[in-house]
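Thanks for making the time this morning. I would like to walk you through one model, beginning with its cysteines and then moving to what lies inside and what lies on the surface.

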Amino acid sequence: MDPPVARAGLARRAVRLAAAALVVLSGAPLSIAVRGAGTARRGRIVAAWARVLLRALGVRLDVRAGFAFVAGSPQAPAGTQDGRGTLVVANHVSWLDPLVVAATVPARPLAKREIGEWPLVRTLAAGAGALFIDRERLSALPEAVGRVAGALRDGDTVVAFPEGTTWCGRGMGEFRPAVFQAAIETGAAVRPVALHYREGEATSTRACYVGEDSLLASVLRVVATRGLVVEVTRFPEVRLAPRGRRRGDRRVLAGLAEAYVRTGVGEAPERHMEAGTETPARAANVPAARAGVTCSASVRRDPAATGDGR
């Protein structure tokens, strides 16, 4: 675990913890109130609440639009989806990730069953329209995929973290293909989203939540860090070209989405940024052998996504 580039003082930490506690507690009655609201309205309310909580914790959002050029895979533009939802997939670093995605892409989260056993968190997750999955029982996987497919057919956007576990932020794992079956069955598009935590221009591991680490320890690291930014790169929606259902299609789609995300977290091409302009990044072979794809990407800041880019 890296030490912080700049450490927050004790007074700042105390204020952040108190403010975050107030926001979390206010979320309980808010979650109950929005359960009867429509999906779009609920998403906007949850997004606003998530942004306030992130700000209370001292985490700043830097939302960017990513543009990747992919070859070697049967990809088709998303196009019109006739009211179907979108499957949003992202790399997984921290307990902050669902908040970060909720703040930038109003959607229903796919969460592990254990979260539903925590009283306050269960209430908050239910208010956000969470879909729960039991990762310990493979026999429950088809049912979970069916629930995701049902939500996509209803026009909902669903967020999943296909790695199945968190990573420290300096790398990422392979995307497991199971949840992509829901997109295959419904013809829904997939939107890859890359999450990259940094302090200044350096990658930060301060927000990670891995191994035997406790949630409390991770929270205390976050509030003790000054200048913690999470860079959110949202790539265009993609889906496979219509060709009938074939064995392995979900693995191809998972590999394609993974390749996009790797460009956003900096594992593949070098990213180039100039203030307010887009510049192409150098092409690189992305290690996503399941899809057999080659990616290059560029990004630009997208302040309109959250109002002020924070």
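Counting disulfides in this predicted model, we arrive at zero. Cys168 takes part in no disulfide, and the cysteine sulfur nearest to its own, that of Cys208, lies 6.2 Å away; since a disulfide requires two cysteine sulfur atoms within 2.5 Å, this pair does not qualify. Cys208 is likewise in no disulfide, its nearest cysteine sulfur being that of Cys168. The surroundings of these two residues are worth keeping in mind at the bench, for Cys168 is partly exposed, with a relative accessible area of 31%, whereas Cys208 is buried, at 2%.

Let me step back to the chain as a whole. The protein chain contains eight helices and 13 strands, and of its 310 residues, 54% are buried. If we take the contacts with a separation of 6 or more, 79% of them come from residues 24 or more positions apart.

Now to the interior. In soluble globular proteins, nonpolar side chains tend to be buried together. Here the largest nonpolar core has 37 residues, and among those with the most contacts inside it are Leu54, Leu61, Val100 and Leu195. Several elements give two or more residues to this core, including helix 1, helix 2, strand 1, helix 3 and strand 7, and it is helix 2 that gives the most, with seven residues. There is also a second, separate core of 34 residues, which includes Val145, Ala183, Ala194 and Phe235.

What does Val100 touch, once its neighbours within four places in sequence are left aside? Val100 is in contact with Leu54, Leu61, Leu195, Tyr197, Val230 and Val232. Val100 is also one of the buried residues of helix 3, a group that includes Asp97, Leu99 and Thr104. Because seven of the eight residues of helix 3 are buried, this helix is largely enclosed by the rest of the structure.

Finally, the surface. The accessible surface of the protein chain comes to about 14100 Å², and 55% of that belongs to carbon and sulfur atoms. On the surface, Leu17, Leu216 and Leu220 form a nonpolar patch, with about 260 Å² of accessible area together. Leu216 sits in helix 7, which covers residues 215–223, and this leucine is exposed, with a relative accessible area of 58%. Helix 7 also appears among the elements that give two or more residues to the largest core.

Conventions
Residues numbered from 1 in each chain as written. Predicted model: local features only at pLDDT ≥ 70, side-chain atom pairs only at ≥ 80, totals over all residues. Heavy atoms only, no water. Patch = residues over 30% accessible without salt bridge, like charges linked within 9 Å, V, L, I, M, F, W, Y side chains within 5 Å. Areas by Shrake-Rupley, 256 points an atom, 1.4 Å probe, with all protein chains shown as cover. Salt bridge = Lys/Arg side-chain N within 4 Å of Asp/Glu carboxyl O. Helix = DSSP H or I, 4+ residues; strand = E, 2+ residues; numbered from the N terminus. Buried < 20%, exposed > 50% of the residue type's maximum accessible area, 1.4 Å probe, protein only. Core = buried A, V, L, I, M, F, W, Y, C linked by side-chain atoms within 4.5 Å. Contact = heavy atoms within 4.5 Å.
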